[in-house]
Amino acid sequence: MKEFTRYIALLSILMLTGCDGFLTEVPDTAVEETEAMTTLEAAEEVCLGVYSTFKNPALYSGTLVQAPEVQADLFYAAKGYSNRFGDFYRWEVNSNEQALLDVYGGLYQIVNRCNFFFDNEPSVRSQLKTKADRETLDKYLADVAFMRAYAYSDLLRLFCPAYSEATAGEDMGVPLYLHYRPAKGTVQVLPRSSMKDCYEQVLADLDLAERLEPRKGCNTPFVTQGAILALRSRVLLNMERWHEADSCATLVIEQKSGDGLTYSLADAMYQVAAPDGSVTDEYTCMWKYDSADEIIWKIQFSSTDMGGSIGSLYMGYSSGRYNPNYLPADWLLNSYSRGDRRFTTFFSNVTTMQGVKWEVMTKFPGNPVIDGSAGMYFTNMPKLLRLSEIYLIRAEARCRLGKNRQACEDLTELRKNRIPDYGASSYDDDALMKAIQVERAVELVGEGFRLSDLKRWHLGFERKPQTGTIDGSNYNSLKIPADSRKFVWLIPQHEITASHGAVVQNEQ
């Protein structure tokens, strides 16, 4: 608790701003070279400054998770929508799209802060006299290595093609900056590295973090051993290294602390006391109050220090009325089994401003403890790694390895914690893979995975007209073929121009 209190106190003085041009501008919150990190206390504050960049509303509490979801097939533009993310929804995104620059710049802001720490860490270490101080610095170094790996993994997931071992040496990754970049004009801009080199760097950062990170535990805003293994399993799945993804996910699922299992799936049938004293089930508590042993790593918000609002896009709630921008797809709603508690947790049948009843996604309703009042800002803490994703990673890896029985066991374990009196999953071959794909959609909806999942699976999609949505070939009748180049987000034109040709654009 003492460590957590210090975390909140320090973050409260770190004002977060967006990064409107990583290649040419220093974020307002960056530490200038003249203020180099020289003490252990300064190292702690720089580390906490990296944590703070994850609150950027263009990232995990906003654009980074919203835009990929509405671009894919899980949501439809509601009649009367505000055109928010409309270019993504219509697949008309160009390289001048501000949202691309916000996400790209925000992720590189994380990278740049991490690099500042890396560059200055040796001078701090050389001054430390005790083993305890060196171990403390090791902990900060582990945190920063993990967070750089996380940022680069999402740059690769969004702005690059699906990983292919056969072509990874030739496919373009992203510019691979490993040192701090100060004011413009003082350093050379790097070209894009290969996918192979980029992924190897992500794994190398995770190797370093894993060697040094001492923390364990769940439901925490701090990096832990489990978080490092969880991200590694996601990366390995994206690299199609099935055996390693299976093994790594197993280490997360079976990880133990002093008092038993570190993580456990939230039970949608088990009643618990919520932080505000009300009684609810574990699964609802996780989404409304941002608290559950299923959470591996989350971004800490407080009532005075918040990021963006995911829920506002799907609810548009104001003065007692709903005006959603996007409605869930009928096929998604129909994919939930009868009695599945995820359906009642994620969706509500409401009367909208248009005077019609629609199913609206309420997965991110706003945490009343930090939101001022329930639904005031629809702000919830981003849960960047959860145990349910790890079960789905292991199920997919096992399916690819032909370990169908074990993959079905993973689906069963997940569903038993979501569906009352669930029996057992039993699928073979193609049916198993399709079941896993649907399970990822119904469990992870709204969390920013769907577009990259379709890209990774080499699947296209076709929207079908449905009530309450906008008609048209670029709207509710859109057809996107498998492996369309547009699954890969464009590098922002601002960054292409600023690099003077060093950074090459993705094919359009």
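How many cavities of 30 Å³ or more does the structure hold? There are five of them, and before I go through the two that I looked at in detail, let me say that we are dealing with a predicted model.

The largest cavity holds about 260 Å³ of space, and among the 26 residues that line it, Tyr 60, Val 65, Lys 383, Leu 384 and Glu 447 are the closest to its centre. Helix H3 (63–71), H6, strand S12 (383–386) and H14 each give at least two residues to that lining, with the largest share, four residues, coming from S12. Sorted by class, the lining of the largest cavity consists of 14 nonpolar, five polar and seven charged residues.

The second largest cavity has a volume of about 120 Å³, and of its 13 lining residues, those nearest the centre are Arg 157, Ala 162, Asn 238, Ser 452 and Arg 456. Here the elements that contribute two or more residues are H6, helix H7 (195–212) and helix H17 (450–457), and H17 provides the largest share, which is four residues. The class division for the second largest cavity is seven nonpolar, two polar and four charged.

Turning from cavities to pockets, the largest pocket has a volume of about 420 Å³, and of the 19 residues in its lining, Pro 161, Ala 162, Asp 483, Arg 485 and Val 488 are the closest to its centre. Ala 162 is thus named both for this pocket and for the second largest cavity. The pocket lining comprises eight nonpolar, six polar and five charged residues.

Next, the packing. The largest nonpolar core has 151 residues, and Phe 117, Phe 146, Trp 297 and Tyr 326 are those with the most contacts inside it; helix H6 (residues 131–159) supplies the largest share of this core, 16 residues. If we set aside neighbours within four places in sequence, Phe 117 is in contact with Met 37, Ala 43, Val 46, Cys 47, Leu 137, Tyr 140, Leu 141 and Val 144. A second, separate core of eight residues includes Ala 78, Met 315, Val 350 and Val 360.

Finally, two helices. H14 (residues 387–400), which also contributes to the lining of the largest cavity, has 13 of its 14 residues buried, so the rest of the structure largely encloses it. Its first and last C-alpha atoms are 20 Å apart, close to the expected 20 Å, and just after H14, Gly 402 adopts a positive phi of about 80°. For the 16 residues of H16 (residues 429–444), 1.5 Å a residue should give a span of 22 Å, and the end C-alpha atoms lie 23 Å apart, which agrees; just after H16, Gly 446 has a positive phi of about 85°.

Note on methods. Residues numbered from 1 in each chain as written. Predicted model: local features only at pLDDT ≥ 70, side-chain atom pairs only at ≥ 80, totals over all residues. Heavy atoms only, no water. 1 Å grid on protein atoms, 1.4 Å probe; cavity = no way out; pocket = protein on both sides within 12 Å on 5 of 7 lines; lining within 4 Å. Points joined across faces, edges and corners; volume = space filled by probe spheres on them. Nonpolar A, V, L, I, M, F, W, Y, C, P; charged D, E, K, R; others polar. Expected span 1.5 Å × (residues − 1). Buried < 20%, exposed > 50% of the residue type's maximum accessible area, 1.4 Å probe, protein only. Core = buried A, V, L, I, M, F, W, Y, C linked by side-chain atoms within 4.5 Å. Contact = heavy atoms within 4.5 Å.
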